[in-house]
Every structure is written in structure tokens, then in C-alpha cells.
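Please walk through this structure with me, from single residues out to the whole chain.

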Amino acid sequence: MLESSFGVNYFLKTPWKKDDKLRFVYLRITVYGVSKEISTKRKWNIARWNQKTERAIGTKEDARSLNHFLDSINAGITSFRTKLINSSES
């Protein structure tokens with residue numbers, strides 16, 4: 001059942017100072033309709049963020065580094081999710 005009720009999203013959270021162009025990248029995990037958010041502790045420019053793909057735009061080193069970081073978080077989440085599914089089947 002966990003397979004169908006699981007979601008991971010990345011987004012830039014709007015700070016109190018709305019004129020600031022740098023925003024923190026947040027991760028939202030949703031399981032069974034309950035969502036939790038956590039900061040990745042990374043900041044990114046809103047002009048260089050694609051919300052549709054949930055990734056940084058560009059081929060510069062900083063964009064590739066952030067995208068690689070987000071991919072590594074996804075890999076960890078997927079690994080943990082697989083362990084949970086396998087342990088519940090036992």
C-alpha cells in the first residue's frame with residue numbers, strides 16, 4: 001500500500017522578506033495524505049529554478065551540484081522506502 005500513497009516534492013519556500021531572490025530549497029514527503037516538510041539547508045535563486053521539474057536550471061557547476069545533491073536525497077529516500085516495504089512484507 002505504501003507504493004501508491006507516497007510522494008516527494010522539492011520547492012523553494014518564500015521567506016518573510018519577499019524581495020529576496022535567494023530562497024531555501026525544501027523537501028516535502030507525503031505518505032498516506034500526511035505531508036512533512038524539511039529544509040535541505042541549500043539556497044537557490046528563484047530565477048534559476050524550474051518548479052515543473054523541481055530542479056535547478058542551467059549547466060553551471062552550482063546548478064549541477066544542487067541537482068546532484070537532490071538526486072542523492074532521492075536515492076536515500078527510495079532506499080529507505082524499499083526497506084520499509086520489504087520489512088512490512090515479511
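**Arg-28 and its surroundings**

Once neighbours within four places in sequence are set aside, Arg-28 is in contact with Gly-7, Val-8, Asn-9, Phe-11, Ser-35, Lys-36 and Glu-37. The model is a predicted one. Arg-28 belongs to strand 2. Arg-28 and Val-8 are 20 residues apart in sequence, yet their C-alpha atoms are 5.7 Å apart in space.

Glu-37 deserves a separate look. Arg-28 and Glu-37 form a salt bridge, with the closest N and O atoms 2.7 Å apart. Side chains of opposite charge can pair when their charged atoms come close. The two side chains are also joined by a polar contact of 2.7 Å.

How buried or exposed are the two partners? Arg-28 has a relative accessible area of 26%, so Arg-28 counts as partly exposed. Glu-37 is partly exposed too, with a relative accessible area of 39%. Buried would require a value under 20%.

Which residues are linked with this pair in a network? Lys-13, Arg-28 and Glu-37 are linked in a network of salt bridges. Lys-13 has a further role to note in the picture. Lys-13 lies over the face of Tyr-26, at 4.7 Å from the ring centre.

**Other charged pairs**

How many salt bridges does a search of the whole structure find? The count is 5. One of them joins the side chains of Asp-62 and Arg-48, at 3.0 Å from N to O. Asp-62 lies in helix 1, while Arg-48 lies in the loop between strand 3 (34-45) and strand 4 (49-50), so the pair ties together parts that are 14 residues apart in sequence. Both ends are open to some degree. Asp-62 is partly exposed, with a relative accessible area of 35%. Arg-48 is partly exposed as well, at 25%.

A further salt bridge has both of its ends in helix 1. The side chains of Arg-64 and Glu-61 meet at 3.2 Å, N to O. Why are they separated by about one helical turn? Because Arg-64 and Glu-61 are 3 residues apart in helix 1. Arg-64 is partly exposed, at 49% relative accessible area. Glu-61 has a value of 53% and counts as exposed. The cut-off explains the two labels: exposed means over 50%.

**Arg-23 and Arg-42**

Return to strand 2, where Arg-23 also has its place. Is Arg-23 buried or exposed? Its relative accessibility is 15%, so Arg-23 counts as buried. A polar contact of 3.4 Å joins its side chain to that of Thr-14. Leaving aside neighbours within four places in sequence, Arg-23 is in contact with Leu-12, Lys-13, Thr-14, Pro-15, Lys-18, Arg-42, Lys-43, Trp-44 and Ile-46.

Arg-42, from that list, leads to an aromatic ring. The charged end of Arg-42 sits over the ring of Phe-69, 3.8 Å from its centre. As for rings that pair with one another, the count comes to 1 aromatic pair.

**The nonpolar core**

Leu-12 is another of the contacts of Arg-23, and Leu-12 belongs to the largest nonpolar core. That core has 12 residues: Tyr-10, Leu-12, Val-25, Leu-27, Trp-44, Trp-49, Ala-56, Ala-63, Leu-66, Leu-70, Ile-73 and Ile-77. Which elements give two or more residues to this core? They are strand 1 (6-13), strand 2 (22-31) and helix 1 (61-89). Helix 1 provides the largest share, 5 residues.

Take Leu-12 as a viewpoint on this core. Apart from neighbours within four places in sequence, Leu-12 is in contact with Arg-23, Phe-24, Val-25, Trp-44, Asn-45, Ile-46, Trp-49 and Gln-51. Val-25, Trp-44 and Trp-49 are among the core residues.

**The chain as a whole**

Now step back. The chain has 1 helix and 5 strands. From the N terminus on, the elements run β-β-β-β-β-α. The C-alpha trace spans about 50 × 30 × 20 Å along its principal axes. The chain has 90 residues, of which 27% count as buried. Among contacts with a separation of 6 or more, 38% are between residues 24 or more positions apart.

How values were computed:
Residues are numbered from 1 along each chain as its sequence is written. This is a predicted model: local features need pLDDT of at least 70, side-chain atom pairs count only at pLDDT 80 or more; totals for chains, interfaces and linings use all residues. Side-chain values use heavy atoms; hydrogens and water are left out. A nonpolar core is a set of buried Ala, Val, Leu, Ile, Met, Phe, Trp, Tyr and Cys residues joined through side-chain atoms within 4.5 Å. Buried means under 20% relative accessible area, exposed over 50%, partly exposed in between (1.4 Å probe, protein chains only). Helices (H or I, at least four residues) and strands (E, at least two) are DSSP runs, numbered from the N terminus. Contact means heavy atoms within 4.5 Å. A salt bridge is a side-chain nitrogen of Lys or Arg within 4 Å of a carboxyl oxygen of Asp or Glu. Rings of Phe, Tyr and Trp (its six-membered ring) pair if their centres lie within 6.5 Å; planes under 30 degrees apart count as stacked, over 60 as edge-to-face and the rest as tilted. A charge sits over a ring if NZ of Lys or CZ of Arg is within 6 Å of the ring centre and within 35 degrees of the ring normal. A polar contact is a pair of N or O atoms within 3.5 Å; within protein, one must be able to donate a hydrogen and the other to accept it, and residues adjacent in sequence count only if both atoms are side-chain atoms.
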